[in-house]
Amino acid sequence: DDLGLDYVDLYLIHFPIALKFVPFEERYPPEWVYDPSSAVPRMEYARVPMQETWQAMEKLADDGKARNIGLCNVNSQGLRDLLSYARIPPAVLQIERHAYLQQSKLLRMCREEGIAVTGFSPLGSSSYVELDMATHSDSVLTEAVVAGIANKHGKSPAQVVLRWGVQTGASVIPKSVKKHRLVENLDIFGFSLTDEDIEQLTT
């Protein structure tokens, strides 16, 4: 009800862990930490199996509240387990995916199972810099091979790595709040990387 919608096109399980429930009247959204005011704020886990959560997702699909359901941040083992009991298979798997973390085996598995893959942080781990979980040097954009390919095609390094993500079989969801970056990030369908480009970015 809080979204003001009859249904959503896609609903995802964000993370393959269950956290202790925080009542809506206490805090919404609950975020990650159970009690931010405690002396040692931390996540508190709930003993809820993924199968139970997936069955709840399937009910949302059955009730017409979610046209597609999927999940994020699971590896091939977690996905294989889910597929063993899923009545409705996931339509989408969202994972971190970029030239430093290509996840080719998981991508291949999803292709074989008919599951679309969406790659978040497609420019590398730069989105983690503000969380102090990465440094600017962790960005794929600073790689010499990326700069060389960008120069060859007359594109920016960001456009090259986004094009790599799409051309290798995933959708990409780069993060930006700057209008010129948003426009640039969308402008990746007027060129293609060569097989040699793909090989350079994949090795």
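User: Why is Cys-110 called buried?

Analyst: This is a predicted model, and everything here is computed from it. Cys-110 has a relative accessible area of 0%. Buried means under 20%, so Cys-110 qualifies.

User: And what makes Cys-72 buried?

Analyst: Cys-72 has a relative accessible area of 3%. The cut-off is under 20%, so that residue counts as buried too.

User: How do you know that Cys-72 isn't bonded to Cys-110?

Analyst: Look at the sulfurs. The closest cysteine sulfur to that of Cys-72 is in Cys-110, and the gap is 12 Å. A disulfide needs the two sulfur atoms within 2.5 Å, so this pair is too far apart for a bond. From the other end, Cys-110 is in no disulfide, and its nearest cysteine sulfur is that of Cys-72. By this rule, the count of disulfides is zero.

User: Which residues show that both faces of strand 2 are covered?

Analyst: Ile-69 and Leu-71 sit on one side of strand 2 (residues 69–72), with Gly-70 and Cys-72 on the other, and all of them are buried. In general, side chains in a regular strand alternate between the two faces of the sheet.

User: Why do you say strand 3 is largely enclosed?

Analyst: Five of the five residues of strand 3 are buried, so the rest of the structure largely encloses it. Face by face, Val-92, Gln-94 and Glu-96 are on one side, and Leu-93 and Ile-95 are on the other.

User: What makes strand 2 and strand 3 a pair?

Analyst: Two strands pair if there are at least two bridges between them. Strand 2 and strand 3 (residues 92–96) are joined by three bridges, and they run parallel. You can pick out partners in the structure: Cys-72 stands opposite Gln-94, and Leu-71 stands opposite Leu-93.

User: How many bridges do the other pairings have?

Analyst: Strand 1 and strand 2 pair in the parallel sense over three bridges, with Tyr-11 opposite Ile-69. Strand 3 and strand 4 (residues 116–120) have five bridges, also in the parallel sense, and Ile-95 stands opposite Gly-119 there. Set against the minimum of two bridges, both count as pairs.

User: Which elements make right-handed β-α-β units?

Analyst: Strand 1, helix 1 and strand 2 make one. Strand 2, helix 2 and strand 3 make another, and strand 3, helix 3 and strand 4 do as well. The test for the hand is to point the strands away from you: if the path from the first strand over the helix to the second runs clockwise, the crossover is right-handed.

User: Why is the contact between Glu-113 and Arg-80 called a salt bridge?

Analyst: The distance from N to O is 2.9 Å. The limit is 4 Å, so the pair passes. Glu-113 in helix 3 (residues 104–113) and Arg-80 in helix 2 (residues 76–85) are 33 residues apart, and the pair links distant parts of the chain. Glu-113, at 36% relative accessibility, is partly exposed, and so is Arg-80, at 42%.

User: What makes Glu-44 and Lys-20 a salt bridge?

Analyst: Their closest N and O atoms are 3.7 Å apart, and the rule asks for within 4 Å. Both residues lie in the loop between strand 1 (11–13) and helix 1 (50–62), so the pair ties together parts that are 24 residues apart in sequence. Glu-44 is at 24% relative accessibility and counts as partly exposed. Lys-20 is partly exposed as well, at 40%.

User: How far apart in helix 6 are Arg-181 and Glu-184?

Analyst: They are three residues apart in helix 6 (residues 179–186), which means about one helical turn. The two form a salt bridge, with the closest N and O atoms 3.7 Å apart. Glu-184 counts as buried at 18%, whereas Arg-181 is partly exposed at 38%. A search of the whole structure finds seven salt bridges.

User: Which residues form the nonpolar patch on the surface?

Analyst: Phe-15, Ile-17, Trp-32 and Tyr-45, which together have about 400 Å² of accessible area. A patch residue needs over 30% relative accessible area, and Trp-32 has 37%, which makes it partly exposed. You'll find Trp-32 in the loop between strand 1 and helix 1.

Technical notes:
Residues numbered from 1 in each chain as written. Predicted model: local features only at pLDDT ≥ 70, side-chain atom pairs only at ≥ 80, totals over all residues. Heavy atoms only, no water. Salt bridge = Lys/Arg side-chain N within 4 Å of Asp/Glu carboxyl O. Helix = DSSP H or I, 4+ residues; strand = E, 2+ residues; numbered from the N terminus. Buried < 20%, exposed > 50% of the residue type's maximum accessible area, 1.4 Å probe, protein only. Patch = residues over 30% accessible without salt bridge, like charges linked within 9 Å, V, L, I, M, F, W, Y side chains within 5 Å. Areas by Shrake-Rupley, 256 points an atom, 1.4 Å probe, with all protein chains shown as cover.
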